[in-house]
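Subject: Structure handover, with notes on what was found

Dear colleague,

I am passing on the structure we spoke about, and below it you will find my notes, arranged by site and then by the surrounding elements. Please read them alongside the coordinates.

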Amino acid sequence: MASLSAVLLQRSSSRAREYLQLQRTAGGTVALHLERLQCWWSGGRFGARAAHGMAGSREGIKNGVVTGGVEDAYGEDRATEDQPVTPWAVCIASGHSLLRDPRHNKGLSFTEKERDAHYLRGLLPPVVLSQDLQEKRLLQNVRQFEVPLQRYMALMDLQERNERLFYKLLIDNVEELLPVVYTPTVGEACQKYGSIFRRPQGLYISLKEKGRILEVLRNWPEKSIQVIVVTDGERILGLGDLGCQGMGIPVGKLALYTALGGVRPSACLPITIDVGTNNEDLLKDEFYIGLKQRRATGQEYSELMDEFMTAVRQNYGQKVLVQFEDFANHNAFTLLEKYRENHLVFNDDIQGTAAVVLGGLIAALKSVGGTLADHTFLFFGAGEAGTGIAELVALQISRQGNVSVEEARKKIWLVDSKGLVVTSRSETLQPFKKRYAHEHEPVKDLLGSVKAIRPTALIGSAGVGQSFTKEVIEAMSSINERPIILALSNPTSQSECTAEQAYTWSQGRAIFGSGSPFDPVKYNDKLFVPAQANNAYIFPGFGLGVVISGAVRVTDDMVLAAAEGLADQVTPEHIDKGLIYPPFPVIRKISANIAARVAAKAYDLGLASQLPRPKDLVKYAESCMYTPVYRSYR
């Protein structure tokens, strides 16, 4: 081995000698370092001349077969299908491998000096383009696709080959591309994920891995994980059980964590927990990528989730944020309550949605007047989103009015599939609905509930499209001078009403917000800009605040701080335009301010571990945000 070392050093360039010396300094066996150097060498580090010098030319005719190039040192060409081969990996990104590394690839932006230094000469066309020009070209290419799913696939392909260019494109064109990367297009992408699947973008943990989840987590190449988004695919948006194909949700969410919140891509980990699916179409689909079995429930499901949470903490520590995403109601509340005391967990469907809606309601009061306690709120939909919003609103009322949460809940009413939630139905209600069951005669439909309760705000989260009928909105408008109408369900087809319907049926008086994007509406010569109550206003900044403070737990007060931070950025000028949320193009500034509010609350509560506390948390948050500008390589 020592003689081989000498030969390699004699025949290598100074860069190879430096590499070997660095590896020796770092520790480990000489054999391992020589193995890596040989891998590095054979992968094209020194070009054809070096390969020739190590292995010698084999060009010619052998046994009647024309041969050429370098020796098949690892036996890949000689092996038959039943013989294993060693999947040699590249140790240092350079040459062809550098162009295949999405984190470091710059495409045609590699400078002349970089092309020489990293063995790229001849592997790229001669032109050198700026990152801005690359972005301009790609945006034109994306816009040529008329089908949203094709745009989604084009952007995902870009993310897989040039990470920094993908995020720069997304950040600079966030209003245009957000509906492509996330809702509503991601819903269709999940439905067709098996057909459009190209390469894995996250970790898949199925029942097959039970007892080995820690081992699976260690297979992920990145070790310094700060944010995990995990789903079991049972309730994807308003589309139902999509099983393993729900991976599109964690991938999309974490893309927004980076683009909007500045969390490093390498610190993000998308995970899908595959416990089967009850979707008959998927079970019969030959292209379905998940387990073809009915969903595991009960103890089997609980044990798998326990093992997962334990493995995450063991592998990444207690300061990794685990965001639960699109779990069905019966699991979403249970998991959040079960793990929130001992793990750093956040449910975006419950807490994130609640924070963004509360922020919108607080901002809307700048136009309507009064405090939250002065108004009545009617929720159409009593699932995890609806009751999560209701709980946060009740908590804010209790904080503002110095009253108990139980007293604050009296300002909030729910309507589910069986009508108004009232005390006479208590025996059949789920626990999270019972706390909102008030004394009232039964009412079977939404219109009757509006007329009986006379709410200031009507908030829809039931996923029932067109449920806010003309009669419902007209009733709200007859009760209120400025009715607050929030149609939050996704995707667009599930929205309770459109922006045009809300403004037209209320004669332009509605304060409207929606979960899906809608175009501006002109009514009586006035242009109304619909506000999108997108969770992307909250979770990226919230996650950034948790990360920069080193928080070890998430509390309701931190979620309230995020909502208040969002509402504070809505100006009177925004309200005049009908906006109850700040403009989305400044989302990174919004996220930095929300992060500062969340971090401040973590410090105030003694939950922050990143010490000492920065003097200016907004500037500190901005300084911690990932920027996708190309780096220079030496």
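To begin with one polar contact in this predicted model, the backbone nitrogen of Ala 536 lies 2.8 Å from a polar atom of the side chain of Asn 534. Asn 534 itself is found in the loop between strand E16 (531–532) and helix H25 (539–549), and with a relative accessible area of 7% it is buried. Once neighbours within four places in sequence are left aside, Asn 534 is in contact with Leu 178 and Val 356.

Asn 534 also appears in the UniProt record, where an unreviewed entry lists it together with Arg 235 and Asn 490 under "binding site". Arg 235, Asn 490 and Asn 534 from this set are taken in by the lining of the second largest pocket.

Asn 490 sits in the loop between strand E12 (484–487) and helix H24 (499–505), and its relative accessibility of 19% places it among the buried residues, the cut-off for that class being under 20%. Not counting residues up to four places away in sequence, Asn 490 touches Thr 183, Leu 237, Gly 238, Gly 515 and Ser 516.

Arg 235, by contrast, counts as partly exposed, at 25% relative accessibility, and is placed in the loop between strand E4 (227–231) and H14. The side chain of Arg 235 reaches the backbone oxygen of Leu 237 at 2.8 Å. Beyond four places in sequence, Arg 235 touches Gly 240, Asp 326, Phe 327, Ala 328, Asn 329, Asp 349 and Glu 384, and two of these residues, Asp 326 and Asp 349, bring us to a further annotation.

In that second annotation, again from an unreviewed entry, UniProt places the feature "binding site" at Glu 325, Asp 326 and Asp 349. These residues span 25 residues in sequence, yet no two of their C-alpha atoms are more than 6.7 Å apart, so they gather at one spot. Glu 325, Asp 326 and Asp 349 from this set likewise belong to the lining of the second largest pocket.

Asp 326 lies in the loop between strand E6 (321–324) and helix H17 (329–339), and at 2% relative accessibility it counts as buried. A polar atom of the Asp 326 side chain lies 3.3 Å from the backbone nitrogen of Leu 237, whose backbone oxygen is reached by the side chain of Arg 235. Leaving aside neighbours within four places in sequence, the residues in contact with Asp 326 include Thr 231, Asp 232, Gly 233, Glu 234, Arg 235 and Asp 349.

Asp 349 has its place in helix H18 (residues 348–368) and, at 7% relative accessibility, counts as buried. The side chain of Asp 349 reaches the backbone nitrogen of Asp 326 at 2.6 Å. With neighbours within four places in sequence left aside, Asp 349 is in contact with Arg 235, Phe 324, Glu 325, Asp 326, Phe 327, Glu 384 and Ala 385.

Turning to the helices, 14 of the 14 residues of H14 are buried, so this helix is largely enclosed by the rest of the structure. The end C-alpha atoms of H14 are 19 Å apart, which agrees with the 20 Å that its 14 residues should span at 1.5 Å a residue. Just after H14, Gly 262 takes a positive phi of about 75°.

Helix H8 (residues 148–161) also has 14 residues, and it reaches 20 Å from its first C-alpha to its last, close to the 20 Å expected. Its buried residues, among them Leu 149, Tyr 152, Met 153 and Leu 155, pack against several helices, including helix H7 (131–144), helix H9 (163–172) and helix H14 (248–261).

Which residues touch the most other members of the largest nonpolar core? Of its 124 residues, they are Tyr 152, Leu 155, Leu 256, Tyr 257, Leu 361, Phe 377 and Phe 542. Helix H28 (residues 587–604) gives the most to this core, with 11 residues. Apart from it lies another core, of 37 residues, among them Leu 207, Ile 271, Tyr 316 and Tyr 339. As for Phe 542, and not counting residues up to four places away in sequence, it touches Phe 346, Val 554, Met 558, Val 559, Ala 562, Ile 594 and Val 598.

With best regards

How values were computed:
Residues numbered from 1 in each chain as written. Predicted model: local features only at pLDDT ≥ 70, side-chain atom pairs only at ≥ 80, totals over all residues. Heavy atoms only, no water. UniProt positions renumbered as here; feature names shortened; annotations may be inferred. 1 Å grid on protein atoms, 1.4 Å probe; cavity = no way out; pocket = protein on both sides within 12 Å on 5 of 7 lines; lining within 4 Å. Helix = DSSP H or I, 4+ residues; strand = E, 2+ residues; numbered from the N terminus. Buried < 20%, exposed > 50% of the residue type's maximum accessible area, 1.4 Å probe, protein only. Contact = heavy atoms within 4.5 Å. Polar contact = N/O pair within 3.5 Å; in protein donor to acceptor, adjacent residues only side chain to side chain. Expected span 1.5 Å × (residues − 1). Core = buried A, V, L, I, M, F, W, Y, C linked by side-chain atoms within 4.5 Å.
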